[in-house]
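Please open the model in your viewer and keep the sequence beside it. The tour below goes from one selection to the next and says what is found at each stop.

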Amino acid sequence: IKTTAKEGWPRLIGLVEEALPTGRKKFWEALWPDDLEVYVNLILADTFLNLDEPRQALLRLENIQNKEPSDYLKIWRHEYLVSSFAGDLDKNIIRGEFKEVISRYEPRKRDVFLNQVRPEVLWRVARAFEGLNLFYEADKVLSLAEKVQESIARTIPRPYDPAPEDWRQFRAAVNLGLYSLDSQKKDEALASLKLLNQDLVTTQRLWLKFGDISGNPKIRIEAWKKLEGIDPLTWVDVERYARAVEEIGDHDEYAKLLERTTGVWFGEFGKNSDQPAEKRVPPALLMRLADSRIKGNRNLKGALAVLDYLGTLDPTLLGAGVTKAMIAFKRGQSLKNLGRFDDARQSFVLGRVTDPDSVWGRLSSSAEKDLNSTK
């Protein structure tokens with residue numbers, strides 16, 4: 001039976017339960033009383049796990065916990081119960097319900113796991129601690145999970161068993177958390193990062209975190225370069241990338257980065273008012289582009305185009321880092337450097353009038369006086 005639509009689940013369950021035999025009475029009487037009911041619910045649990053619906057599987061299995069089937073069915077019930085629970089904890093983690101993971105696990109150590117340790121479940125508990133920034137607790141649980149996982153050495157993975165790379169990725173994440181609390185953990189964090197698949201986006205994101213903790217912009221830049229080649233950068237990414245390049249004073253690379261990201265977008269979509277808001281470049285990043293073009297008179301006309309666009313935006317869309325007075329002053333500077341003095345003067349007046357007490361208003365006033373004195 002295969003179905004992916006939730007509205008089909010009641011029928012699916014009904015079909016299985018209707019299939020319970022009513023004939024051949026002597027044969028069925030020979031079975032252990034609870035075997036059939038447990039077996040049917042295991043079939044349903046298996047179906048729901050294949051649909052990535054561990055909560056539904058868990059509900060079926062928890063309802064038969066008090067049944068006493070044959071020993072081999074007890075083993076299967078236990079295995080399915082552990083897998084379903086591990087998968088359901090994943091759903092909690094995805095939703096950011098980290099405390100829920102820990103609170104759900106604690107009472108089940110006795111009734112579900114019979115005080116046994118299961119690596120696939122411990123892995124989720126460690127992830128919950130890591131999500132709460134409790135890195136020492138995460139390390140303790142993960143270390144136990146790693147030890148058990150190594151001793152089991154399964155050849156056939158269970159549903160929701162983390163893949164080997166997932167184990168390495170999470171160990172690196174926990175080590176980075178420990179490094180953020182203790183600088184002596186740097187070598188361990190570095191070693192765990194080197195064990196990862198370097199072509200993965202998640203790996204490069206971890207390298208970025210390592211660069212942040214170590215305060216090394218060159219490491220961050222290297223990670224950003226690799227990320228740019230394998231995954232589209234968000235505007236937040238571009239902003240962080242630009243700050244790292246700016247930090248090491250590489251002005252040429254800074255300008256190139258802004259042009260191939262922000263500049264390309266502005267050239268293609270900047271004047272398109274139908275562009276979805278979430279895809280538009282943040283004004284602060286556009287201002288970086290304008291400043292880069294102004295620096296050394298690199299591209300004054302291009303800077304002016306960006307500033308003219310920013311000037312059309314409602315003040316509420318500019319954000320805290322960009323103001324109308326700032327735009328007017330920088331626009332005036334660009335116009336002045338282009339020799340358009342009358343237009344520059346008007347822009348400086350606008351900056352002075354818009355916000356006279358701000359830094360940009362005072363700069364505009366001073367620039368206006370300089371222009372007037374050179375008539």
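Begin with the whole chain: of its 375 residues, 44% are buried, where buried means under 20% relative accessible area, exposed means over 50% and partly exposed lies in between, with a 1.4 Å probe and protein chains only. The model is a predicted one, in which local features need pLDDT of at least 70 and side-chain atom pairs count only at pLDDT 80 or more, while totals for chains, interfaces and linings use all residues. Residues are numbered from 1 along each chain as its sequence is written, and side-chain values use heavy atoms, with hydrogens and water left out.

Colour the chain by secondary structure, and 19 helices and zero strands should appear; helices (H or I, at least four residues) and strands (E, at least two) are DSSP runs, numbered from the N terminus. Among contacts between residues at least 6 apart in sequence, 58% join residues at least 24 apart, a contact being heavy atoms within 4.5 Å.

**Helix 4**

Select residues 54-62, which form helix 4, and show the side chains of its buried residues Pro54, Ala57, Leu58, Arg60 and Leu61. Looking down the axis of helix 4, you will find these buried residues within an arc of 160°, so they line one face of the helix; the arc is that of the directions from the helix axis to the C-beta atoms.

**Helices 7 and 8**

Two packed helices are described by the angle between their axes and the distance between the axes. Now select helix 7 (residues 119-131) together with helix 8, whose axes are 8 Å apart at an angle of about 165°. Axes here are lines fitted to C-alpha atoms, for helices over the stretch in contact, and angles run from 0 to 180 degrees between N-to-C directions. Helix 7 and helix 8 are therefore roughly antiparallel to each other, given that angles under 35 degrees count as roughly parallel, over 145 as roughly antiparallel, 65 to 115 as roughly perpendicular and the rest as oblique.

The crossing of helix 7 and helix 8 is left-handed, a term used if the near helix is turned anticlockwise from the far one by less than a right angle, with right-handed used if clockwise. Among the residues that meet in this contact are Leu122, Trp123 and Phe129 of helix 7 and Val141, Leu142 and Val148 of helix 8. The residues of the contact of helix 7 with helix 8 divide into 14 nonpolar, one polar and two charged, where Ala, Val, Leu, Ile, Met, Phe, Trp, Tyr, Cys and Pro count as nonpolar, Asp, Glu, Lys and Arg as charged, and the others, Gly among them, as polar.

Which residues does Ala138 touch, not counting residues up to four places away in sequence? Centre the view on Ala138 in helix 8 (residues 135-152), and you will find Ala126, Phe129, Glu130 and Val174 in contact with Ala138. Ala138 is buried, with a relative accessible area of 0%.

**Helices 10, 11 and 12**

Move on to helix 10 (residues 186-194), where the buried residues are Ala189, Ser192 and Leu193. They lie on the same side of helix 10, because they cover an arc of only 105° around the axis. Turn to the face away from this buried side, and the exposed residues Asp187 and Lys194 come into view. To see what covers the buried residues of helix 10, add helix 9 (164-181) and helix 11 (201-214), which are included in that cover.

Helix 10 and helix 11 pack with their axes 11 Å apart at an angle of about 160°, which makes helix 10 roughly antiparallel to helix 11. The contact joins Lys186, Ala189, Leu190, Leu193 and Lys194 of helix 10 to Leu206, Trp207 and Phe210 of helix 11.

Next, add helix 12 (residues 217-230), whose axis comes within 8 Å of that of helix 11 and crosses at roughly 160°. That makes helix 11 roughly antiparallel to helix 12, and the two pass in a left-handed crossing. By class, the contact of helix 11 with helix 12 has nine nonpolar, three polar and four charged residues.

**Ser364**

Finish at Ser364 in helix 19 (residues 359-373). Is Ser364 buried or exposed? At 0% relative accessibility, Ser364 counts as buried. Leaving aside neighbours within four places in sequence, Ser364 is in contact with Ala325, Phe329, Phe348, Gly351 and Arg352.
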